[in-house]
Amino acid sequence: MSAAEEVVTEAPAVEAVPKRAMTLGYGTSLVVLAALILTPLFVKNFIIFQMTMLLIYGLAVLALNILTGGSGQFSLGQSAFYAIGAYTTAILMEHFNVNYALTLPVAGVICFAAGFLFGQPALRLSGVYLALATFALATAMPQLLKLGFFEHWTGGVQGLVVTKPDAPFGLPLSQDMWLYYFTLAITIGIYIASVNLLRSRSGRAFMAIRDNEIAASAMGVDVSLYKTLAFGVSAGITGVAGGLGAIAVQFVAPDGYTITLAISLFLGMVVGGVGWLPGSIVGSAFIIFVPNIAEGISKGLSGAVFGVLLFLVIFLVPHGARQVALIAQQLAAKLKKN
Amino acid sequence: MSAIHLRLGALAAAVALLAVSSGHALAQKRYDVGATDTEIKIGNIMPYSGPASAYGVIGKTEAAYFNKINAEGGINGRKINFISYDDAYSPPKTVEQARKLVESDEVLLIFNSLGTPPNTAIQKYMNQKKVPQLFVATGATKWNDPKDFPWTMGWQPNYQSESIIYARYILKNHPNARIAVLYQNDDYGKDYLKGFKDGLGSKAASMIMIEESYEVSEPSIDSHIVKLWSSGADVFFNITTPKFAAQAIKKNAEIGWKPLHFLNNVSSSVGSVLKPAGLENAQDIISSNYLKDPTDPQWKNDPGMIAWNEFLDKYYPEANRSDAAVMYGYTVAQGMVHVLKACGDNLTHENIMKQAASIRDLELGGLLPGIKVNTSPTDFAPLAQLQLMRFKGDTWERFGDILSGDVGG
């Protein structure tokens with residue numbers, strides 16, 4: 001049980017009190033929120049689009065964080081749930097003319113169900129074996145989407161083109177800006193819900209399972225129920241992110257949801273700090289922007305440059321953004337004392 | 001000071017007036033963002049990493065060719081600034097890169113972005129923005145659709161045209177053929193299969209004995225070949241990418257199946273397919289092409305091929321000359337230069353599409369003799385001709401006329 005546990009207990013920087021350590025202080029939260037709300041007013045549409053993708057991948061990383069950081073289970077299969085969410089939204093919008101906002105809860109519910117069902121057999125597995133089982137799910141998904149049987153709905157390998165929604169009520173916002181604020185509202189909602197979930201009785205049960213499964217069951221936690229529940233919640237949030245992603249990108253195709261996406265999300269979680277929810281945004285920024293930086297440094301060796309940058313991060317700050325935040329906090333405290 | 005300013009202002013006003021009044025005489029330079037007196041910005045998206053990274057060579061060849069053009073003085077005095085990004089063949093990334101090119105780098109157009117799913121992902125966006133998406137690097141049939149997507153244009157002969165040509169040949173010469181088809185289970189394979197069935201028309205159902213598909217992830221397609229063989233077919237249409245094509249040719253020889261073998265031109269390279277499969281096993285295979293195969297000895301003294309070799313020696317010496325993608329990138333970059341030259345000093349999105357849609361009988365050094373680039377406002381398929389060829393000894397022997405199987409999207 002594994003790396004999650006080690007990550008959490010190894011270094012003094014991330015010792016105990018996970019309940020509070022999971023979030024930012026009120027002041028910092030407000031600053032971040034203000035930045036997220038105000039920045040789009042001053043930048044180009046392209047940057048707004050990138051910020052939208054930042055929030056969307058942030059949500060997906062957050063979902064994985066609840067699963068791994070919260071309940072200590074691994075998943076390399078998040079891309080599969082992301083794909084199901086994306087396709088649910090795309091199919092509902094394009095084949096049934098459902099309003100885009102209404103497709104998201106549907107995507108969430110379907111993915112919750114898929115995650116919950118997948119969680120049932122996966123329960124028997126733990127650690128690396130669970131990671132492998134979810135890996136299988138991620139590899140299978142793009143091919144399932146190509147199946148002739150579903151082709152009428154999924155568009156097969158050609159994928160589906162999704163129409164981007166205009167701002168409602170005649171608001172004077174560009175499509176990109178509207179979608180950004182729409183995504184931001186959903187992200188904030190899910191973030192607050194996730195924080196509350198982890199602080200609640202269920203959240204404590206997740207963490208008890210993560211820290212010691214036997215002790216948790218001795219205390220009366222229904223281990224199997226909470227493990228599958230964590231899977232379901234994580235999949236559901238990933239599904240909503242996938243649906244938003246489909247609307248933002250305006251296109252879904254099997255090639256967009258390969259195992260590479262699952263690994264990217266996993267990477268984002270580690271870079272952001274396992275179990276530290278605000279780190280999800282940092283992790284998401286890492287997986288979106290660092291490949292671009294790497295490409296800027298060397299086109300032919302972009303993969304190698306990315307590898308070096310990733311290695312540096314893991315080597316210098318093994319606990320990711322969370323460690324950076326803690327160091328900053330300590331520095332600030334020191335300055336105050338002086 | 002102020003007097004000078006005033007005088008300059010008057011002069012400017014006079015010049016402006018002159019320019020307006022003399023109308024065409026001064027043939028105003030007109031630009032959309034991305035073009036200036038000294039520069040033309042061209043965007044491009046290629047899978048330099050990821051599963052399709054073998055095609056990244058195309059982007060590198062194009063960059064080398066534009067370097068050559070710049071070294072020789074540019075186009076009408078303007079240097080090409082070629083900005084090429086990596087999308088790893090992932091459509092969401094393609095959208096991000098396309099938006100970066102259009103909105104942040106402010107390119108004049110996006111040229112030869114690669115792959116059917118990536119191009120599908122940005123087609124709607126490009127057409128909403130009215131920025132040309134020119135000469136996309138995919139053989140799918142849907143790019144020839146000027147009515148719905150007036151800002152998107154294909155380049156190479158599409159897959160359906162090619163398989164229609166084979167189907168017509170079979171109907172004419174082997175009307176009683178029993179056909180076996182092997183295809184890759186993706187957009188490319190299915191596009192070929194559709195063209196083939198359309199070409200056979202009502203006889204498709206009775207002539208095609210068996211269809212087998214394989215996944216790119218399969219290590220070997222031997223079992224499929226055995227299955228096709230056991231169906232008793234005497235014509236084999238082989239819709240496979242190079243690695244699998246070589247396997248299929250080899251396996252056919254091993255089990256002694258000698259059907260009339262049609263091989264899609266995707267895999268017609270002598271150097272990368274037929275040699276590895278064994279030239280003796282590849283005799284009498286029929287395929288088609290529109291590009292000269294650099295590994296084919298018959299072009300040794302061809303002027304087009306000599307020019308190509310000189311270009312590579314000077315600007316891209318590390319290129320693998322047996323890779324058909326190098327010839328492809330070279331030819332399509334020439335097509336791009338032709339269009340920009342034709343635009344003259346009017347480098348607006350509209351004029352670029354207008355010039356791209358009025359190419360007449362353009363012949364390029366890398367194209368087979370007799371194959372010409374042709375477009376019109378209703379025909380957005382620049383290359384639509386192919387010539388059949390049969391493999392004899394160690395080279396392709398072209399036979400029959402230049403054929404056209406023009407299909408709209």
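Student: Is the crossing of H14(A) past H15(A) right-handed or left-handed?

Tutor: This is a predicted model, where local features need pLDDT of at least 70, side-chain atom pairs count only at pLDDT 80 or more, and totals for chains, interfaces and linings use all residues. Residues are numbered from 1 along each chain as its sequence is written, with chains lettered from A and ligands numbered from 1 in the order in which they are written. A crossing is left-handed if the near helix is turned anticlockwise from the far one by less than a right angle, and right-handed if clockwise. H14(A) and H15(A), both helices (DSSP runs of H or I, at least four residues), make a crossing that is right-handed.

Student: At roughly what angle do the axes of H14 and H15 of chain A cross?

Tutor: Each axis is a line fitted to C-alpha atoms over the stretch in contact, and angles run from 0 to 180 degrees between N-to-C directions. The pair is oblique, the term for angles that are not under 35, over 145 or from 65 to 115 degrees. The axes of H14 (residues 279-297) and H15 (residues 302-316) come within 8 Å and cross at roughly 125°.

Student: Which residues in H15(A) does H14(A) meet?

Tutor: Contact here means C-beta atoms, placed from the backbone, within 7 Å. From H14(A), the partners are Val290, Pro291, Ala294, Glu295 and Ile297 of chain A. In H15(A), they meet A:Ser302, A:Val305, A:Phe306 and A:Leu309.

Student: Which element gives the largest share of the side of chain B that touches chain A?

Tutor: In total, 23 residues of chain B contact 23 residues of chain A. The largest share on chain B's side is 8 residues, and these come from H3(B).

Methods. Helices (H or I, at least four residues) and strands (E, at least two) are DSSP runs, numbered from the N terminus. Two residues are in contact if their C-beta atoms, placed from the backbone, lie within 7 Å.
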